Amino acid sequence: MRKHIKNNVSWVGFIDWELEKFHGDDYSTMNGSSQNAYLIEEEKTVLIDTVWTPHRSDFVENLESEIDLNRIDYIIVNHGECDHSGSLASLMKRIPHTPIYCTAAAVKSLEGQYGKSGWNFNIVKTGDELDIGNGKKLRFIEMKMLHWPDSMAVYMTGDNILFSNDAFGQHYAVEELFDDLADSAVLDGEALKYYANIIAPYANVLRKKLDELKKMQLDIDIIAPSHGAVWRQNPMRIIEKYEQWANDYKENQIVVAYDTMYEGTAKIARKIVEEINEQSPETVVKLYNISKSDKNDVMTEVFKSKSLIVGSPTISNSIISGVAGWLEYLKQLKLKNKRGAAFGSYGWSGESVNIIQDKLREAGFDVIDENVKSLWNPTDEDFNQAKVLVSSILA
């Protein structure tokens, strides 16, 4: 079923209420998601993106119930990832000669995933335009590495709609479609989670692209991303948020994240939390057991924080596997301008603290020397050292 966006523009995507994981099992979607595709019916009829492969039959059938497929003059592929292009092969079997407009990198990703089928590719770059009639044009804007090399956005003149693909999106199932009709708390939380876990590694690229968009002086009335709610109430609000987030964002917050075997490391973690609250009551502190918490939600809080304190017991001359994998994921996010510290307990060798410090440095954190390294169970001396660690991380 189509949903009206503005004038002759409709949403023709798929709302996935039951989706719980994305990017394999790497990203949690606690509030579902949507794959947003759009249909423009001016003098020319244009389809912008499709939906994920598991929903390809529903997509093609629903689209055909709304429009004669042979009326589609152009297909725009903003990004070749299969959650956007997964129905393209099924659609092209029905209308094989329809021109496809995309970046050169998208041709490679599409043919790599679906094979070389002789599709009618038309390669575009920033500034190229496609006349769709009634005085309206589609203007192409390359969005390389936001978040794939093939990504682009499309701006529709006249209606002033920016089809932004993965930028400015959220994994959020919104039947009502628009931001002003969605639960604002959930919407804002999912937008931040999406940025922190998917877009944040490309902050340097994003800053340049946001500057480029400003120089284009586009009149934007609606931002229509490829996941989640469409921004129509105040579309510039999400762009302003991205500008904040892309500039080494941090709040007065500290995350303490750990895993434990026999509660020694957990006791240190709780003491550190108490000390932060005692020494700086205005600082928000959040405690997570990594093995029991959703890693994407924790990383969203790390993204918001000014400091991260990580703990692990020593096991096999190293750190516990849950912390090891979590720290590797942290490194991928390339967070900047944050401080780090380490703590842990051990029985006989005690390497965990040094390993965590090294991993935090590799992830781009400014790591303090002060730490807590407890033999067996923490003592008053260890708890005193926790006070010193907190004092240093707050300085």
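Which residue of β18 stands opposite Ala-257? Keep that question in mind while the whole chain is on screen, and bear in mind throughout that this is a predicted model.

**The whole chain**

Begin with the full view, in which the C-alpha atoms fill a box of roughly 75 × 40 × 35 Å along the principal axes. A cartoon coloured by secondary structure should show twelve helices and 23 strands. Of the 395 residues in the chain, 57% are buried, and among the contacts between residues at least 6 apart in sequence, 71% join residues that are at least 24 apart.

**The five-stranded sheet**

Next, select strands β17, β18, β19, β22 and β23, and hide the rest for a moment. These five strands form an open sheet in the order β18-β17-β19-β22-β23, with parallel pairing. The edges are taken by β18 (284–289) and β23 (366–375), and because each of these has a single partner strand, one side of each is left without a neighbour in the sheet. Looking along the sheet from strand to strand, you can follow a twist that averages 15° from one strand to the next.

**β17 and its partner β18**

Now narrow the selection to β17 (253–258) and β18 (284–289), which run parallel and are joined by six bridges. Here the opening question is settled, for the residue of β18 that stands opposite Ala-257 is Tyr-288.

Show the side chains of β17 before moving on. In a regular strand the side chains alternate between the two faces of the sheet. In β17, Gln-253, Val-255 and Ala-257 lie on one side, while Ile-254, Val-256 and Tyr-258 lie on the other, and both sets are buried, so that both faces of the strand are covered. The count for the strand agrees, with six of its six residues buried.

**The other edge: β22 and β23**

Move across the sheet and select residues 339–346, which make up β22; this strand pairs with β23 in the parallel sense over seven bridges. Within that pair, label Tyr-346, which stands opposite Leu-375 in β23.

**Helices α10 and α9**

Bring back helix α10 (residues 321–333), which lies across β17 and β19 (307–311) and runs at about 155° to β19. Then add helix α9 (residues 295–304), whose axis comes within 11 Å of that of α10 and crosses that axis at roughly 50°. The two helices are therefore oblique to each other, and their crossing is right-handed. To see the contact itself, display Lys-295, Asn-296, Val-298, Met-299 and Val-302 on α9, together with Trp-326, Tyr-329, Leu-330 and Leu-333 on α10. Coloured by class, this contact of α9 with α10 shows seven nonpolar residues, one polar and one charged.

**Helices α6 and α7**

For the last stop, select residues 203–216 and 236–245, which are helices α6 and α7; they pack at an angle of about 140°, with their axes 10 Å apart. That angle makes α6 oblique to α7. In handedness, α6 passes α7 in a left-handed crossing. Display Leu-206, Leu-210 and Lys-214 from α6 and Ile-239, Tyr-242 and Glu-243 from α7, the residues that make the contact. By class, the contact of α6 with α7 has four nonpolar residues and two charged ones, with no polar residue.

Methods
Residues numbered from 1 in each chain as written. Predicted model: local features only at pLDDT ≥ 70, side-chain atom pairs only at ≥ 80, totals over all residues. Heavy atoms only, no water. Axes fitted to C-alpha atoms, helices over the stretch in contact; angles between N-to-C directions. Helix = DSSP H or I, 4+ residues; strand = E, 2+ residues; numbered from the N terminus. Parallel < 35°, antiparallel > 145°, perpendicular 65-115°, else oblique. Left-handed = near helix turned anticlockwise from the far one by under 90°. Contact = heavy atoms within 4.5 Å. Nonpolar A, V, L, I, M, F, W, Y, C, P; charged D, E, K, R; others polar. Pairing = 2+ DSSP bridges. Buried < 20%, exposed > 50% of the residue type's maximum accessible area, 1.4 Å probe, protein only.
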